[in-house]
Amino acid sequence: LLLQNRPSRLPLLRIFMSRLYLFSTSLLSLKLHRGRCVNTYLFMMQAQGIMIRENMRTIGAQVYEQVVRSAYAKRNSSVNDSDYPLDLSHNDTFLQATTFLPKDFTYFPNNTCPERLPSMKGPIDVNMSEITMEEIHQFFSKDPSIKLGGHWKPSDCLPRWKVAILIPFRNRYEHLPVLFRHLIPMLQRQRLQFAFYVVEQAGNQPFNRAMLFNVGFREAMKDLDWDCLIFHDVDHIPENDRNYYGCGQMPRHFAAKLDKYMYLLPYNEFFGGVSGLTVEQFQKINGFPNAFWGWGGEDDDLWNRVQFAGYSVTRPEGDTGKYKSIPHHHRGEVQFLGRYALLRKSKERQALDGLNNLNYFPNVTYDALYKNITVNLTPELALVTEY
Ligand code: UDP
Ligand code: MN
């Protein structure tokens, strides 16, 4: 889609091809370096080849978009120009087996829950099949420890983090129950205190993911003194329960390896899908920008804000940051073509547009598993004076 606005295709295509080349050569060197037999290597290459061919048609456009964004981000960033390491054969199960607590670990109700619990086993059995919200309600109604709005906290130890999970939403009803099916048990195994906030956009304006997150934050803080915020796309299903949804000293990018990007980080500055900040960090960067209407760019602006505030972003190790994305069409959604112009002004706009110029009039309702905050968003609700 971006192609239409870009007169010169060749340089970008070259970047795209070199990425592919990098991908295959790194595989080569890794495999040979490890001293595996040549047959294994050939098999791997063949398998990868099949995978690449099969995915190319659907993935091509998405990778292309990311390459464009990457090239753009690089041109505009003086902060960090390094590439994400392509650790394709990285296997962390062996390494982590020693650092996670043993099965017979004893919990104490007055002690803080550890971060590396024996209940966190690693890879999750992902079930992408459709399920109704009624079925999910029925399933989780068996667990009386889940309170109204999907609020839960561990009883065998003190939660390390109070986590508000914010989900931007409009017309993706089939995704929500699939997400809950995976997220609720995972967060329980991680012994975090949590609740879900589905922030739904009403009205006819283009979708504004970032502004919805700002609204969700404000509303969530009225409920409880949350200390950690997770910004979660509704269609991202974690594949590993050791992807710990607590916060840290630095903002975190959880969705580091997406199946739709062949489990590669599309570019170093990618901050989309699932990210997390402490309340303190989020307030310091003045939240998300409100001015991104339509698809794209708001996650890159958040990355810039985080850098300008002096933070650096951390990511889960190895395969821990894997996600499956629920396939979807962009039903009538529009791209935000003004994103590159705004991204050039990230720094100047940071103090002017965000939590501090946000107005909204929410309609709040409760579901057994989440709190719904519906807002009609318009640009007049977040005016920017001048810069
Ligand atoms: N979203 C939504 N309805 C929309 C557009 C977006 O609920 O019409 C939310 C949803 O949580 C989704 C996220 O915003 O996962 C990111 O949008 P999208 O999935 O369209 O982005 P892409 O996957 O194409 O990057
Ligand atoms: Mn999506």
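How much area does the protein expose, and what share of it do carbon and sulfur atoms supply? The protein exposes about 18800 Å², and carbon and sulfur atoms supply 56% of that area. The model is predicted.

**Overall build**

The protein contains 10 helices and 10 strands. Of its 387 residues, 51% are buried. Contacts in the protein with a separation of 6 or more are mostly between distant positions: residues 24 or more positions apart account for 83% of them.

**Nonpolar cores**

The largest nonpolar core has 46 residues. Within this core, Ile-165, Ile-167, Phe-180, Phe-196, Tyr-245 and Leu-369 touch the most other members. Several elements each supply at least two of the core residues: helix H4 (133–140), strand E1 (162–169), helix H5 (175–189), strand E2 (193–202) and strand E3 (228–232). H5 gives the most, with eight residues. Another core lies apart from this one. That other core has 36 residues, including Ala-220, Leu-277, Leu-355 and Tyr-360.

**The manganese site**

Ligand 2 is a manganese ion. Asp-235 coordinates the ion through OD, and His-328 does so through NE2. The distances are 2.0 to 2.3 Å.

Where do these two residues sit in the chain? Asp-235 is in the loop between E3 and strand E4 (236–238). His-328 is in the loop between strand E8 (322–325) and helix H9 (339–344). The pair therefore ties together parts that are 93 residues apart in sequence.

Is Asp-235 buried or exposed? Its relative accessibility is 4%, so Asp-235 counts as buried, the cut-off being under 20%. His-328 has a relative accessible area of 27%, so this residue is partly exposed.

**The ligand 1 site**

Ligand 1 is surrounded by 13 residues. The closest are Pro-168, Arg-170, Arg-172, Lys-260 and His-330. The table gives three distances from an oxygen atom of ligand 1 to an N or O atom in a side chain.

| Side chain | Distance to an oxygen atom of ligand 1 |
|---|---|
| His-328 | 3.1 Å |
| His-330 | 2.9 Å |
| Glu-333 | 3.3 Å |

On its own, ligand 1 has 510 Å² of accessible area, and the protein covers 91% of it.

His-328 appears at both sites. This residue coordinates the manganese ion through NE2, and an N or O atom of its side chain is 3.1 Å from an oxygen atom of ligand 1.

Technical notes:
Residues numbered from 1 in each chain as written. Chains lettered and ligands numbered in written order. Predicted model: local features only at pLDDT ≥ 70, side-chain atom pairs only at ≥ 80, totals over all residues. Heavy atoms only, no water. Core = buried A, V, L, I, M, F, W, Y, C linked by side-chain atoms within 4.5 Å. Buried < 20%, exposed > 50% of the residue type's maximum accessible area, 1.4 Å probe, protein only. Helix = DSSP H or I, 4+ residues; strand = E, 2+ residues; numbered from the N terminus. Donors = N, O, S within 2.8 Å, 3.2 Å for Na, K, Ca; no water. Contact = heavy atoms within 4.5 Å. Areas by Shrake-Rupley, 256 points an atom, 1.4 Å probe, with all protein chains shown as cover. Near = heavy atom within 4 Å. Polar contact = N/O pair within 3.5 Å; in protein donor to acceptor, adjacent residues only side chain to side chain.
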